[in-house]
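Reader: Could you take me through the aromatic side chains in this one, up close? I'd like to know which rings pair up, how they are angled, and what sits over them.

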Amino acid sequence: MPTDVIKTSARINPDGLGVVWLDTYDITYHKSSEYMVLNTTRPFIAHFRYATIGKVGRENTHPFQCGPNSNEYLMMNGHIHGLGNAQHCDSKILAEALGKVPRHEWKSELAKHKTVRFLSVNVRNRQFQIYNKDLWTFRDGIWYSKTNVIEEYNVAVYGTLKRGHGNYERFLSDSKFLGDGVTKDKYPLVIQGLPYVVNKKGVGHNVEVDVFRVSADVLAQLDVLEGHPRWYERKQIAIDMADGTIKFAWLYFNPIAINPHTEFHKTYKGYKPHKYGMTSQQRIWADETPYCTSCYHDLKKIGSFYECKGCNEFYTKAEVDRLYY
């Protein structure tokens, strides 16, 4: 398994690691921070836990024994509504209940949970079985119960998705940061409330970007955020990285026509603090009135638009929704 995938698995799922070693069928339990035990040529099945219910600790780390003295163990990815409590996770309770079900009925029993991925291990017979297999992904000889740890796409971001800005924590904090750089070609970066880059090569500046490697799931989330392909359009371009290398990455372009008198920028540095010491975005997160990003006066809703009471600049509803997402 690639080291990057192991590290990402631990970062996204920090609440415990259980391993079945397939050369001996021994089971070991670890903290997620001990992920380098998987940096090995030994065959294994590993489960990293992200706690949704039940306390964090060894007792809620997969795999779970299916009843006292059983040779069968269960691993699970997903959540079963109504199962579990403050002490025990849903997987642990399900494993104990499954031990009371005849073994030949396990497949039909687990198939009732159509969105959950299961795997059982028999340490005596040295066998394992995957359930709801259509939900799994097979990649380079490895079965994955989720694809969010398989980082496949390079994305270059220039606005609120950059490190330290509003959308970074929500969308990219779990993705691998490859470094910063600039677009190999010049493009116009316009900052009018929101920053956006227009796909007009040779105009403007070599725009400063942060480059991340993201999973297919994260890329899909970014597409929704940016409105690709209905609004912004994602295109692959060359990035000159700060370390001297060139990487190709997806970048989101706004198809809007630009005014020849528009000011073009090289970088986006975020919002300036207004008189209350908070950015407009932070005030919205505090459930306060939207503010103009130019003069920091209130925005007043007029029909489907928002008008600034200070400079009379107009914002569309879509711009406000994106600005204060």
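Author: Here is a walk through the aromatic pairs, their surroundings and the chain they belong to. Keep in mind that this is a predicted model, where local features need pLDDT of at least 70, side-chain atom pairs count only at pLDDT 80 or more, and totals for chains, interfaces and linings use all residues. Residues are numbered from 1 along each chain as its sequence is written, and side-chain values use heavy atoms, with hydrogens and water left out.

First, the rule for a pair: rings of Phe, Tyr and Trp (its six-membered ring) pair if their centres lie within 6.5 Å, and planes under 30 degrees apart count as stacked, over 60 as edge-to-face and the rest as tilted. That rule gives six aromatic pairs. Take phenylalanine 138 and tryptophan 143: their ring centres are 4.9 Å apart and their planes meet at 50°, so this pair is tilted. For cover, buried means under 20% relative accessible area, exposed over 50%, and partly exposed in between (1.4 Å probe, protein chains only). Phenylalanine 138 has 46% relative accessibility, so it counts as partly exposed, and tryptophan 143, with 36%, is partly exposed too.

Now look at tryptophan 231 and tyrosine 232. With ring centres 5.1 Å apart and planes at 85°, the pair is edge-to-face. Tryptophan 231 is partly exposed at a relative accessible area of 29%, whereas tyrosine 232 is buried at 1%.

There's a cluster as well: Tyr168, Phe177 and Phe212 form one aromatic cluster. Phe177 also has a charge over its ring (NZ of Lys or CZ of Arg within 6 Å of the ring centre and within 35 degrees of the ring normal). That charge is the end of arginine 163, 3.7 Å from the centre of the phenylalanine 177 ring. Arginine 234 does likewise with tryptophan 250, its charged end sitting over the ring at 4.5 Å from the centre.

Stepping back to the whole chain, there are seven helices and 19 strands, taken as DSSP runs numbered from the N terminus (helices H or I, at least four residues; strands E, at least two). Buried residues account for 44% of the 325 residues in the protein chain. With contact meaning heavy atoms within 4.5 Å, 58% of the contacts between residues at least 6 apart in sequence join residues at least 24 apart.
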